[in-house]
Amino acid sequence: MTDDVVRGSVVTHEGQKLWPPPKIADPSPPAGSKAAAAVAKKEEAPPNYFRETLRDSFMYTTGLGSVLGLGLASPNSAFTTMVTTFGLAGIVGYHTVWGVTPALHSPLMSVTNAISGITAVGGMLLMGGGYHPTNIIEGLAATAAFISCINIGGGFLVTQRMLDMFRRPTDPPEYRYLYGIPAAVFLGGYGLAAQTGAYPDIHQMTYLAASLCCVGALTGLSSQKTSRIGNILGMIGVSSGIAATLGIVKPSNELLTQMAVCMGSGGLIGTVMAKKMEVTDLPQMVALFHSLVGAAAVITCLANFMAEQPHFDTDPAANVIKTALFLGTYIGGVTFTGSLVAFGKLQGLLDSSPLLLPGRHVLNASLLAGNIGAMGAYMMTNDMTLGMSMLGATSTLSAVMGVTLTAAIGGADMPVVITVLNSYSGWALCAEGFMLDNNLMTIVGALIGSSGAILSYIMCKAMNRSLPNVILGGYGTSSYAGGQAMKIEGVHKEIQVPDTVDLMTEAKNILIVPGYGLCVAKAQYPIAELVTLLKSKGKTVKFGIHPVAGRMPGQLNVLLAEAGVPYDIVHEMDEVNPEINDFDLTLVIGANDTVNSAAEEDPNSIIAGMPVIRVWLTKQVIVMKRTLGVGYAAVDNPIFFKENTHMLLGDAKKTCDALLAKAKEHYEA
């Protein structure tokens, strides 16, 4: 009776009823294998509170000491005021961005793109001449204003298009045109006050209002209900900033015409680009807009150096201005070319695989050393020729560095690249604010810089990797043990569309996990219709989205919203994993690395420790892929060979269309 097979076949024995037999324990190892358990045990070591507190203490000491050092180095009260503005804006940006719901991370990237068009203010402050520029400085300034407005026009329209996708038929009506009332009252009131010339402080107060509206643009993204109001506040903020700059410059009618042509044509080009953009092209569009911010920063810094250089010998704040000029040029150069390379990879113009040049780290270190040397020579002299030569040198070196850094990053890490470039553009804008002593540019730059930095942190945490590891084209996660990866053996089981539909109709709770393959195949439309059909038959259907699914944060949320999937059934990884055992069936569509069980089962896997959606713990799993090939991380996926997994191979769009047709046929029979 100790044999499980014999015991299971016996109904009675010696007059005793023995049916049903006791449940046989599963002899197979659990999802968390011994190796994974060892990793978990290692991660759960008792915390060293003294070391953690000491580390925090050193961090605060460094921060406070830095502020004290800035106070000692401050050339005047204007610099101190600007540092105060920068610090407070950074804190506001930090807390504001953390409040943005993950589903709206794509609109967040887009709206920060739009408000980064505030770089136009820098160009406007340096513009001159009549109907056209009359010298190099004015020409560069006009160019900066022109390309900045491409960002403004395109960024806000792209954001609006995305946010409108999240609207549901049951949502209450919106009367957004009524927000034109506060905009008209504010701008009209400012215009009247500025025209009198009796209120010199009205310009800075308008800058403050514009800055607060830009903060409101980010705050509005805390929920779908307020997101569209946030976009409107962003438009009011940028418009108010431009209006206040006009009040400060007081241009002649001829110069005003030049400004209108430059900025109007830029805005028109951006609007046309945004209207023609496909939702699947969103990541590359964001990258392209980032490049414009970088280019505008470099151009404005070069123009401002030529304008301010004659005054450096007598200006007590000359070193501050020169430092901001150099940093703005350097960051702008990296942002410009890095964004173009990212655009090329995302658009398919360049190979998406990492370009691992021999000695690339030495090359990047040499480029950085060259920039530092150029800055040293630049800061030690006020000579126009040498200064321009050094700025030209850092423009070139930083541009090359942007190429070498971004080319070494593979397609799977593009979400981090996009967010890092977003952060770079913000810091470049901050440098312009210090350079021009402009509060608006400093505040908006701090908001954008904080936004990109926080999103980069979220993306890296979702891959269990450090930011330097991603940016420098690193290999493996923070938990990667470095040994030989576990050998995956077994035979996969294939399934066809009819049997898949049978499983769907029998299941009560269904989870759908989409990946980048869904984006490429544009399979969101039949899936959305299939979900509607299943829900109408009493099924509970949810989507599980991994933070790094797609090619930029929140891209899959936008794609599903475009197809009409209600956002309240689209959940984040941290929301579906706790209830993963409750699902009867999981459909994995075009996802691989984000559902790879090797992250938890094999410490020698290069994705060890990466948080993944634990689809293998659901009762049945159907993986829809074109082939059995690996994902971008080039790691075999053990779930393909698990007992409860079936592979439905083929093009995602055609397969989803077939599933929809078969499901309709089943329910109509």
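Tyr-378 is buried in this predicted model, its relative accessible area being 0%. The ring of Tyr-378 pairs with that of Phe-326, and because the centres are 5.4 Å apart and the planes stand at 40°, the pair is tilted. Phe-326 belongs to helix α13 (residues 318-347) and Tyr-378 to helix α14 (residues 360-379), so the contact between the rings ties together parts that are 52 residues apart in sequence. Phe-326 also counts as buried, at 3% relative accessibility, the cut-off for that class being under 20%. Over the ring of Tyr-378 sits the charged end of Lys-322, 5.2 Å from the ring centre.

The pair formed by Phe-326 and Tyr-378 has counterparts elsewhere, for a search of the whole structure yields nine aromatic pairs. In another of these, Phe-305 and Phe-312 have ring centres 6.0 Å apart and planes at 50°, so this pair is tilted. Phe-305 and Phe-312 are both buried. Ring pairs also join Phe-79, Phe-86, Trp-427 and Phe-434 into a cluster. A charge placed over a ring recurs at Tyr-516, where Arg-551 lies over the face at 3.9 Å from the ring centre.

Helix α8 (residues 180-196) shows how burial is distributed around a helix. Its 17 residues should span 24 Å at 1.5 Å a residue, and the end C-alpha atoms are indeed 24 Å apart. Ala-183, Tyr-190, Ala-193 and Ala-194 are the buried residues of α8; viewed down the helix axis, they fall within an arc of 120° and so line one face. Their cover includes α9 (202-219) and α10 (224-249). On the other side of α8, the exposed residues are Ile-181, Ala-184, Val-185, Leu-192, Gln-195 and Thr-196. Just after the helix, Gly-197 adopts a positive phi of about 75°.

Technical notes. Residues numbered from 1 in each chain as written. Predicted model: local features only at pLDDT ≥ 70, side-chain atom pairs only at ≥ 80, totals over all residues. Heavy atoms only, no water. Helix = DSSP H or I, 4+ residues; strand = E, 2+ residues; numbered from the N terminus. Expected span 1.5 Å × (residues − 1). Buried < 20%, exposed > 50% of the residue type's maximum accessible area, 1.4 Å probe, protein only. Arc of directions from axis to C-beta. Contact = heavy atoms within 4.5 Å. Phe/Tyr/Trp six-rings, centres within 6.5 Å; stacked < 30°, edge-to-face > 60°. Lys NZ or Arg CZ within 6 Å of the ring centre and 35° of its normal.
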